[in-house]
Amino acid sequence: EKEIGTIEQINVTPIKKYQVIIGKLFPFWSIALFELAFGMTIGKLIFKVPIIGSIPLIFFVAAIYLLVILSLGLFISTMVHTQQQSMFLTYFFMMIFILMSGLFTSIENMPGWAQAINVANPIAYFIRIIRMVMLKGSGFEDIKDDFFSIVALVVLTTTLAIWRYKKTV
């Protein structure tokens, strides 16, 4: 939108900055939740992935987690000038987050500095929650610490995205 000039049209509208951010987040959030439902259905029916825990709990946590990831993307987009810069920064952060998430290597086996950095990694929290709910049948009480860490990251990333967004008339 910056490159083709439509952001200027958005900026002259009488809506608030947070409303622009919500308008940017909601469609992708909805699509991602649909994709989660589709992926879980395929996983269950075709690949026989066990889902022991609560499916509504999975969707609730995923809805909050998606806000972190989407807000982080919006925050990155407020700092760059081109789509290429945005894709590069997003790719860089996502690769680091995924590799340090505990998906491939246990977080407990990582060095202390890597474990300390992982406190800011939303993917690590989400993977831990999904494993606990889907494979162990854990309830909200079991995942609440990780869940509230994700909520804190939502508040942080959304606040940063709104703060960095420049709406000049």
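# Exercises on Helix Packing and Side-Chain Pairs

Not counting residues up to four places away in sequence, Ile-129 touches Val-61, Ile-143, Asp-146, Phe-147 and Ile-150; contact means heavy atoms within 4.5 Å. The structure is a predicted model, in which local features need pLDDT of at least 70 and side-chain atom pairs count only at pLDDT 80 or more, while totals for chains, interfaces and linings use all residues. Residues are numbered from 1 along each chain as its sequence is written, and side-chain values use heavy atoms, with hydrogens and water left out.

## Exercise 1: The nonpolar core

Task. State which residues touch the most other members of the largest nonpolar core, and which helix gives the most to this core.

Solution.

Step 1. A nonpolar core is a set of buried Ala, Val, Leu, Ile, Met, Phe, Trp, Tyr and Cys residues joined through side-chain atoms within 4.5 Å. Buried means under 20% relative accessible area, exposed over 50%, and partly exposed in between (1.4 Å probe, protein chains only).

Step 2. The largest core holds 31 residues, and Ile-58, Val-61, Phe-126, Ile-129, Ile-143 and Ile-150 touch the most other members.

Step 3. At least two residues of this core come from each of α2, α3, α6 and α7. Helices are DSSP runs of H or I with at least four residues, numbered from the N terminus. With 12 residues, α3 gives the most.

Step 4. Another core, of 8 residues, lies apart from this one; its members include Ile-7, Phe-75, Ala-161 and Tyr-165.

## Exercise 2: Helix α6

Task. Determine how α6 compares with its expected span, how many of its residues are buried, and what covers them.

Solution.

Step 1. The expected span of a helix is 1.5 Å times one less than its number of residues. Helix α6 has 15 residues and reaches 21 Å from its first C-alpha to its last, close to the expected 21 Å.

Step 2. Of the 15 residues of α6, 11 are buried, so the helix is largely enclosed by the rest of the structure. Among the buried residues are Tyr-125, Phe-126, Ile-129 and Met-132.

Step 3. The cover over these buried residues includes α3, α4 (83-99) and α7.

Step 4. At the N-terminal end, α6 is capped by Asn-121, which has a side-chain oxygen 3.0 Å from the backbone nitrogen of Ile-123. Just after α6, Gly-137 takes a positive phi of about 75°.

## Exercise 3: Helix α3 and the loop before it

Task. Describe the span and the N-terminal cap of α3, and then examine Lys-48.

Solution.

Step 1. Helix α3 has 25 residues and reaches 36 Å from its first C-alpha to its last, close to the 36 Å expected.

Step 2. Ser-54 caps the N-terminal end of α3, with a side-chain oxygen 3.2 Å from the backbone nitrogen of Leu-57.

Step 3. Lys-48 lies in the loop between α2 (17-45) and α3 (55-79). Although Lys-48 is not a glycine, it has a positive phi of about 55°. Its relative accessibility is 60%, so Lys-48 counts as exposed.

## Exercise 4: Salt bridges

Task. Identify the salt bridges and classify each partner as buried, partly exposed or exposed.

Solution.

Step 1. Side chains of opposite charge can pair when their charged atoms come close. A salt bridge is a side-chain nitrogen of Lys or Arg within 4 Å of a carboxyl oxygen of Asp or Glu, and the count here is 2.

Step 2. Asp-146 and Arg-128 meet in a salt bridge at 2.9 Å, N to O. This pair links distant parts of the chain, 18 residues apart: Asp-146 belongs to α7 (residues 140-164) and Arg-128 to α6 (residues 122-136). Asp-146 is buried at 12% relative accessibility, whereas Arg-128 is partly exposed at 30%.

Step 3. Lys-144 forms a salt bridge with Glu-141, their closest N and O atoms being 2.7 Å apart. Both residues lie in α7, 3 residues apart, about one turn of the helix. Lys-144 is partly exposed at 29%, and Glu-141 is exposed at 57%.

## Exercise 5: Aromatic pairs

Task. Classify the ring pairs Phe-26 with Trp-29 and Phe-140 with Phe-148.

Solution.

Step 1. Rings of Phe, Tyr and Trp (its six-membered ring) pair if their centres lie within 6.5 Å; planes under 30 degrees apart count as stacked, over 60 as edge-to-face, and the rest as tilted. The structure holds 8 aromatic pairs.

Step 2. The ring centres of Phe-26 and Trp-29 are 5.7 Å apart and the planes stand at 35°, so this pair is tilted. Both residues lie in α2.

Step 3. Phe-140 and Phe-148 form an edge-to-face pair, with 6.0 Å between centres and 85° between planes.

Step 4. Ring pairs link Phe-60, Phe-140, Phe-147 and Phe-148 into a cluster.

Conventions:
A polar contact is a pair of N or O atoms within 3.5 Å; within protein, one must be able to donate a hydrogen and the other to accept it, and residues adjacent in sequence count only if both atoms are side-chain atoms.
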